[in-house]
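I opened this notebook to record what I looked up in the structure, element by element. The entries follow the order in which I consulted them.

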Amino acid sequence: MRTLTQLLTDHAARDGRGPDRVPRVVELGEEDLLTWERSPVSESGDPRPDVRDADIFLTSRAVLVLRRGSERACGHCLALRLQRMQPAHERDLLEIGSGTQRVGTWPDIGEQLAVAVWACFNQADQARATELSQVWRVDLRTLMVTASQLLRDARCPSCGDRDPEPPDIDLGIVRKPSPTEYRVRRPEDYAIPIKALVNPVCGVLAPGTSLSLGSPTTAPVVGAASVRGPIGLHDLSWSGQANSYAASSRLALFEGLERHAGTMRRRPGLVVGSYTELADRTLTLNPGECATYSPESYTTDDHLTPFDPDRPIPWVTGYSLRDKRPILVPVRLAFYGWDGGSELFAFECSNGCASGGCLAEAVLFGLLELIERDAFLLAWYGGAELPEIDTASLDGTARAMLNRARLQGYEVRLFDNRIDLPVPVVTGVARRTDGGDGLFSFAAGAGMDPESAAEAALGEILTYIPSMRHRVQARREELQAMAQDFALVSGLADHPALFGLPEMAEHARHYTRDADPVPVSELYQDWLRVRPATDDLADDVRFLVDEVVRAGSDVIVVDQTSAEQRAAGLSGVRVIAPGLVPIDFGWGRQRAPRVPRMFTALRRAGLRDADLTAADLHLVPHPFP
């Protein structure tokens, strides 16, 4: 049986092309291409074609034809994206198992397949140059041809991003549309390469997205991809939850790119060393001084390992906005999906990760997210009785969202969740009016504008309430066991689902008590006077940083911006505020009750006369979704 290369050589000869114009063919599927090194010879000793410069890729299911655009995605980029699309069992064999082994021969590569591949190659060779690379997929069984776009892979060992030079984050002057607008551009103003981000051949984020057409409260667009994290492959989901599917689709892609950047594996070139060694030479974030788990967590959790200051680990360079100088940050804290082999002394999530049209915008929203989760946890574990917001004082958008919740049988109360920081944080609590399954849904929002913070909390609530009853009924026995033994609460989904049980109402009494609602303008009148009133976004960032520093924490920025984000005109960061309360999921992994701030913040805010003690804490799993 003749090979594809031989058949394509015949076609090249018939078209009058010399040997140098014959496409370069490589076979994929026998080895892991995510690893850094690639041997130039096969196990048999024969020279192996270089995947970087190949034109045509033969797999067990299809033939792929690549035409490189001006952004120069290489063949290795295509091979990596294809590998990440494969089923989990195939990826595990390649990436952590013994690998795959060819059984028999490739499917019959006949003249019809060669004709189809040659036609695609000619189209690729003759087409007008474009910015993005193009990929044609020819199905081996049906000969169906699918066209896709390919973005250069920031994680590509051959052409991907190296770790950035130590940053000097000069916020400078960042003009925004008006003093009360905090995004430099609207979502629809970004040129997002949608066809390269989502496609079934080489999509950055997923093979496709789904529209939840049955949702009665929002217009959700969702996507998911399988990513390898510190404890194996897992689904990384992302979504947009706006009032139209067009708007939701864009927001979903923004979130998908943000998640992709936060979980990415970086190229070699990281600093590797122990804290003890590095702290003698440069400013270094000590994980031992960040929030830590209880000693019992490290002994009972098979994945966790206590931080050892004398053990070498990988570090990335961040920037301290407090000290205005670079600082080394453990990669484990900077990229929450890092799978580079260092010990797992912390289970981080996407808290503090954000994107924007510039670095300052991303920092602003990353810091707002940290402030939001900090405030929510301080109130929850501290048992704070928060002022209630009069929802009748909100604008028409928020009231329309409240009406949609009522149509689903939920009444929503909104609370001013500020503790000792002046930044608006609003916690929303939806409660089923009939007291049945799916009883509660909690959410929070933070923003420079209190109405926007309220709308953010409402948007999250509207996302969850349509399915709350079904989620409880599908797991009733499991959730009832959790209600009796909090140690069974082990993952993110358990926290909000637990409070869908009617019997959990007693643990939410701080949010169901009688209160006298106060108009939003009255509650936030002091804030509206002190917040920056300029058209420079950097002023807003500096204001927030100063407030967090006064609360006893540094503010550290790690630039996570990937090549894929840059292609969409976005910047991405992770903001780390070691002194704020971190959010965790799983009752055995709660760091919040051990953070010094948990005991002092309510007193600092004037909400208590004295610091909390361990006995004062409301030790019930938080319901944050």
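**Entry 1. A hairpin and its neighbours.** I began with the hairpin of β10 and β11, where four residues lie between the strands and K324 takes a positive phi near 55°. I note here that the model is a predicted one. I then looked up how the two strands of the hairpin are held together: β10 and β11 (residues 325-330) run antiparallel and are joined by six bridges. Within that pairing, I found G318 to have I327 of β11 as its bridge partner.

I next asked which other strand β10 is joined to. Strand β10, residues 313-320, is also joined to β17, residues 556-559, by two bridges, and these strands run antiparallel. At this junction I located S320 opposite I556 of β17. Following β17 onward, I recorded four bridges to strand β18 (residues 571-576), again in the antiparallel sense. V557 stands opposite V575 of β18 in that pair.

**Entry 2. The five-stranded sheet.** I turned to an open sheet whose five strands are ordered β1-β2-β3-β4-β5, and I noted that its pairing is mixed. The edge positions belong to β1 (25-27) and β5 (145-150); each has a single partner strand, so one side of each is left without a neighbour in the sheet. On average, neighbouring strands of this sheet are turned by 25° against each other, direction ignored.

Inside the sheet I examined β3 (residues 62-67) and β4 (residues 133-139), which pair in the antiparallel sense over six bridges. The bridge partner of L66 in β4 is V135. Helix α2 (residues 75-84) packs on this sheet and touches β2, β3, β4 and β5, with its direction at about 140° to that of β3. Helix α1 (residues 4-14) lies across β1, β2 (56-58) and β3, and I recorded an angle of about 165° between α1 and β1.

For reading side chains along these elements I kept a general point in mind: in a regular strand, side chains alternate between the two faces of the sheet.

**Entry 3. The four-stranded sheet.** I then looked up a second open sheet, in which four strands follow the order β13-β14-β15-β16 with antiparallel pairing. Its edge strands are β13 (388-389) and β16 (440-446), each of which pairs on one side only. For β14 (residues 410-416) and β15 (residues 425-432) I recorded seven bridges in the antiparallel sense. L414 is set opposite G428 of β15. Helix α12, residues 450-474, lies across β14, β15 and β16 and runs at about 155° to β16.

**Entry 4. Two packed helices.** I asked at what angle α10 and α19 pack. The angle is about 85°, and the axes of α10 and α19 (residues 596-604) are 10 Å apart. That value makes α10 roughly perpendicular to α19, because angles of 65 to 115 degrees count as roughly perpendicular. On the α10 side the contact is made by D374, L377, L378, Y381 and G382, which meet R597, M598, A601 and L602 of α19. By class, the residues of this contact are six nonpolar, one polar and two charged.

**Entry 5. The cavity.** How many cavities of 30 Å³ or more are there? I recorded one. The largest cavity holds about 40 Å³ of space.

I next asked which helix gives the most to its lining. Helix α10 (residues 359-382) does, with four residues. The lining consists of I371, D374, A375, L378, N417, R418, I419, D420, L421, V425 and R597. I sorted this lining by class and obtained six nonpolar, one polar and four charged residues.

I compared the lining with the helix contact of Entry 4. D374, L378 and R597 line the largest cavity, and these residues also take part in the contact of α10 with α19.

Definitions and conventions
Residues numbered from 1 in each chain as written. Predicted model: local features only at pLDDT ≥ 70, side-chain atom pairs only at ≥ 80, totals over all residues. Heavy atoms only, no water. Pairing = 2+ DSSP bridges. 1 Å grid on protein atoms, 1.4 Å probe; cavity = no way out; pocket = protein on both sides within 12 Å on 5 of 7 lines; lining within 4 Å. Points joined across faces, edges and corners; volume = space filled by probe spheres on them. Nonpolar A, V, L, I, M, F, W, Y, C, P; charged D, E, K, R; others polar. Axes fitted to C-alpha atoms, helices over the stretch in contact; angles between N-to-C directions. Parallel < 35°, antiparallel > 145°, perpendicular 65-115°, else oblique. Contact = heavy atoms within 4.5 Å.
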